[in-house]
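Trainee: I'm new to this one and would like to look closely at a single part of it. Could you take me through one helix and how it sits in the rest of the chain?

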Amino acid sequence: MKIRILDILEETMADGPGLRTSIYCAGCAHHCPGCHNPQSWDFNAGREATVDELLAVIKEDKFCNVTFSGGDPLYQVEAFTELARRIKEETGKNIWCYTGFTYEEILADSRLSMILPYIDTLVEGPFIQELRDPDLHFRGSSNQRIIHITPQEDDDIPGTNTDYTI
Ligand code: SF4
């Protein structure tokens, strides 16, 4: 299976707690006004990478956890689910996934929700310019929620005020 990616950032601290390998995918149809990265909207941008290739990069670093971002990974949910399942089966790494869909929209859609069993934390919802808050950690606007799907050691993320534990 292949994922259309824009970039792979290794050892980043911007996309969740601690050091992480972040996979930035191509394509997003949410088109939020004020999006920090409208170049990522193009579903044909970047290049294709196989799940095996991405898994090899992720495994190379023994200490980094993993973040899926974009674009919106849920527009390629089948391939990201396969990658997340392999990460869970073959490593002990924690996975954060960013998406412009809300948690409720994901739960209501059997296709989108196929990834949830393999994700530890979802950072969800569209970016809303009027709710932009630069003091928030790991998200851009205050409507976006950090939803822990599995129990997290680092629940207490500084600067956040709307963490939800499901
Ligand atoms: S969901 Fe994220 S990448 Fe997509 S338009 Fe909104 S802010 Fe940009």
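**A close look at helix α2**

Mentor: Let's start with what α2 rests on: its buried residues pack against β1 (2–12), α1 (51–60), β4 (65–69) and β5 (95–98). Keep in mind that this is a predicted model.

Now for the helix itself. α2 covers residues 77–90, and its 14 residues should span 20 Å at 1.5 Å a residue; the end C-alpha atoms are 20 Å apart, so the expected and computed spans agree. Which of its residues are buried? They are Val77, Phe80, Thr81, Glu82, Leu83, Ala84 and Ile87.

Two of those names come up again in the largest nonpolar core, which has 31 residues: Phe80 and Ala84 are listed with Ile95, Cys97, Ile115 and Ile119 as having the most contacts inside it. At least two residues of this core come from each of β1, β2 (20–25), α1, β4, α2, β5, β6 (121–124) and β7 (145–148). α2 gives the largest share, 5 residues. To see this up close, pick Ala84: setting aside neighbours within four places in sequence, its contacts are Ile95, Ile115, Tyr118 and Ile119.

Next, step back along the chain to the loop between β4 and α2, where you'll find Gly71. The peptide bond from Gly70 to Gly71 is cis, its omega being near 15 degrees. That's worth a second glance, because most peptide bonds are trans.

While we're on backbone details, two other loops have something to show. In the loop between β2 and β3 (47–50) sits His31, whose phi is positive, near 50 degrees, though the residue is not glycine. His31 is exposed, because just 10 other C-beta atoms lie within 10 Å. Phe138, in the loop between β6 and β7, also isn't a glycine and has a positive phi of about 70 degrees. Phe138 counts as partly exposed, since it has 18 C-beta neighbours inside 10 Å.

Finally, here's the whole chain around α2. It has 3 helices and 8 strands, following the pattern β-β-β-α-β-α-β-α-β-β-β along the sequence. Of its 166 residues, 37% count as buried. Among contacts with a separation of 6 or more, 61% join residues 24 or more positions apart. The C-alpha trace spans about 40 × 35 × 30 Å along its principal axes. A compact globule of 166 residues would have a radius of gyration near 15 Å, and the chain has 15 Å, so the two agree.

Definitions and conventions: Residues numbered from 1 in each chain as written. Predicted model: local features only at pLDDT ≥ 70, side-chain atom pairs only at ≥ 80, totals over all residues. Helix = DSSP H or I, 4+ residues; strand = E, 2+ residues; numbered from the N terminus. Expected span 1.5 Å × (residues − 1). Buried ≥ 20, exposed ≤ 12 C-beta atoms within 10 Å, placed from the backbone. Contact = placed C-beta atoms within 7 Å. Rg over C-alpha atoms; globule rule 2.2 N^0.38 Å. Core = buried A, V, L, I, M, F, W, Y, C linked by C-beta atoms within 7 Å.
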